[in-house]
Amino acid sequence: MKLTKLAAIAVAATMVAGPVLAQLVFPSLSYRTGPFGANGSEVADGFADYMTLLNERDGGIGGVMTVVNECETGYSTEKGVECYEATKGSGALIYQPLSTGMTYQLIPRVTADGIPMLTTGYGRTSVANGDVFKQVFNFPVNYWNGASIAVNYMLAENDGDLSGKTIALLYHNSAYGKEPIPTLEALAGIHGFDLTLLPIDSPGQEQKSQWLQIRREQPDYALLWGWGIMNQVAIQEAANIRFPMENFMGIWWSGSENDVIPAGMAADGYKALTFHAIGTDFPMFEDMQTYVVDAGLAAGSGDNVGTVLYNRGMYGALLAAEAVKVAQAMHGVAQIDAAMMRDGLENLVVSDETMAAVGLQGFGPNFSVSCENHGGPGLGAISQWDATAQKWSLITGFEPSDMDVIQPLIMADSAAYAAENNIESQCN
Amino acid sequence: MFYREAGDFKKSYAEDNQTFPLKLDRYGYYLLMAVAFGVVPFFINDYWASAILIPFLVWSIAALGLNILGGYCGQISLGSGGFMAVGAYTTYKLMTSFPDLNMFVIVLLSGVVTAMVGLIFGLPSLRIKGFYLAVATLAAQFFLVWMFNKFGWFYNYSASGQITAPAREVFGFEVTGATATASAKYLFCLVLVVGLAWLARNLTRGRIGRSWMAIRDMDIAAEIIGVNPLKTKLLAFAISSFFIGVAGALFFSVYLGAIEVGEAFGIQKSFLLLFMVIIGGLGTIFGSFIGAAFLVLMPVLLKNIMVGQLNFPIDIAAHLEFVLVGLFIMITLVLEPRGIAQLWRFAKAKLRLWPFPH
């Protein structure tokens, strides 16, 4: 009896969140709670604010208003499934789950449901092979590009020779942290450096033993593949053992203000990869201030504008919005559906003109997507933290990665997936 | 008035021993089965299957398993998450090695493999009891999770250590993978739940169940009256692990479809399962179901009410959800330390006397 009553209430609750018409729906599987919440809220705020800006300034995209359907996952894959099932019926155009574990879950589901998914800078790297992964995109950059760009930077610092050097990889012991290992192992074979793998169990507050090992072995470089609270702890621990910060580099998920501020001056010089510009020196931010922040429409507490991860969430929203424009032009309708959205993503071209039109020239690299290549060119830059000015700044331009190493790995991994799931070529 | 034995005459020992001696209970059970098998599959959608009913069914099997060990045999285990992982990874290896095998066979075999692993980790229970045993089973939890992370063979050497369930069939219907229909997945789990609950119910009221309870209530006395503690305890560990292994197999293959061992089967899952059993009611079959419903469905319900109906900001709703679920747990345990099943039993006892209580 009790159960049926609960069920009836739950039915009523899901009915209310039913389909909406004449809107472009962007579900945001965000996480504002839990050990990853500090980072998750900034990304979610950036995503939501950009969509609000489009509504307030331009009246939506192509005259159709955008709706951000936010669902809290707490970075848990079970809640992620619940959120996906709850939002997919609402006309969802695209999913950007911001979690590698959730991406793995959703790849088969979005493929079956025909909804595209964009995992910029995370997720399963081999989805870059669009011939196998029809619905999933990870342009403009992925983890393997990131690993390669980091190694290229170290090569440049050592006049092109890393033989005999040691690189320690501190990684979140999950799918996310393990992603770069095949590439780094391949690169270690080519360039002759030693790779030390140091897994850290989620959520990552406890990493004393790993840092003890670093202290003992004195690696030349340390790479950090962490997220949430794990980053803050790692940078603090590095400061504690006086590991030279300029030799400590994080992936783009380990380089936000949240991660370095707690360590104070000791974090000065810490580096992190990024695939978009940092800061608010773009004309678009003036609009953001006028139309969203000053109007009191900012998501969350509204104080995250311009942080690294806010910009990243905004960039994700920007890519989705540009794909909508492409899809609208291709199909000649303003109210597109998920299948049209997929076409838009696959034919997306981001050029200087595109970025200038939205007031963000130079914010990210130029690239184009094709049926075979869902991964873009894989360009990334290195940023460095200045603890005195309390500010991240780019110290390189957007550099290419070693695609000769990465492309065969992508082909091998996607071929394995295709064989396991009987997927035929999608591009012919 | 209506809920009573009077007039319900039993003509054989079998009738006298049946699970639901009262007519009303029996009809309620038949009705529940009819609805679960005959009505729900026609109306179920993806949200109901993936977010509500399948997790409830899967956790019910796991709770039944832990209840056999903890509730009936009195052995505390914190290794359930690890045992679920054994079930999940066995399923994955069997699914990828033998693509044509029936999923029922795969899931049950995973249960058998988990039972053997459980047997090994149950050995310390012969020497240690109570909290010390809990700590020993905790070792199983950490060891198993570490093992599935460490050795690439278990996840077929995939780059990220994730395992993904391919599409597999039962009698021509896909039950795993993303293209499986909601009703097929639901019915697959439901058949296993009903079968295993029937098994658990009959095991626990027969000779084996009585020997478990004898060990639970006082192991020395049990030994004196002729209960072999070695066999009894190990059997409890094996059967409990079988149930938990089946639950882990379904958790991976039908419910989530892709998992990563540290996140899906970490220590928090062991605790969640223990809470289910304690809140539901130790040593009851019904308690396993109600405990699973309480901890799996309550958060979803609260979320839907707070976000869907009351339009709370999602982060506040998520935090309030923790507070409220915690509060409900405390209220339940303060009012009835023996779990929700005890409240149910109490209500039934009252009903029998109604309308003329003492």
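Q: Which strand do three bridges join to β7(A)?
A: Happily, this one is simple to trace: the two strands run parallel, and strands count as paired if DSSP finds at least two bridges between them. Strands here are DSSP runs (E, at least two residues; helices are H or I, at least four), numbered from the N terminus. This is a predicted model, where local features need pLDDT of at least 70, side-chain atom pairs count only at pLDDT 80 or more, and totals for chains, interfaces and linings use all residues. Residues are numbered from 1 along each chain as its sequence is written, and the partner is strand β8 (residues 248-250) of chain A.

Q: Through which helix does the chain cross from β7(A) to β8(A)?
A: The β-α-β crossover is right-handed: with the strands pointing away from the viewer, the path from the first strand over the helix to the second runs clockwise. The helix on that path is α9 (residues 229-240) of chain A.

Q: Which residue in β7(A) stands opposite A:Y171?
A: Look to strand β5 (residues 166-172) of chain A, which pairs with β7(A) in the parallel sense over five bridges. Opposite A:Y171 stands A:W225.

Q: How many residues of strand β7 (residues 221-225) of chain A are buried?
A: Buried means that 20 or more other C-beta atoms, placed from the backbone, lie within 10 Å of a residue's own (exposed: 12 or fewer; partly exposed: in between). A:Y221, A:L223 and A:W225 are buried on one side, and A:A222 and A:L224 on the other. The count is five of five.

Terms used
Chains are lettered from A and ligands numbered from 1 in the order in which they are written.
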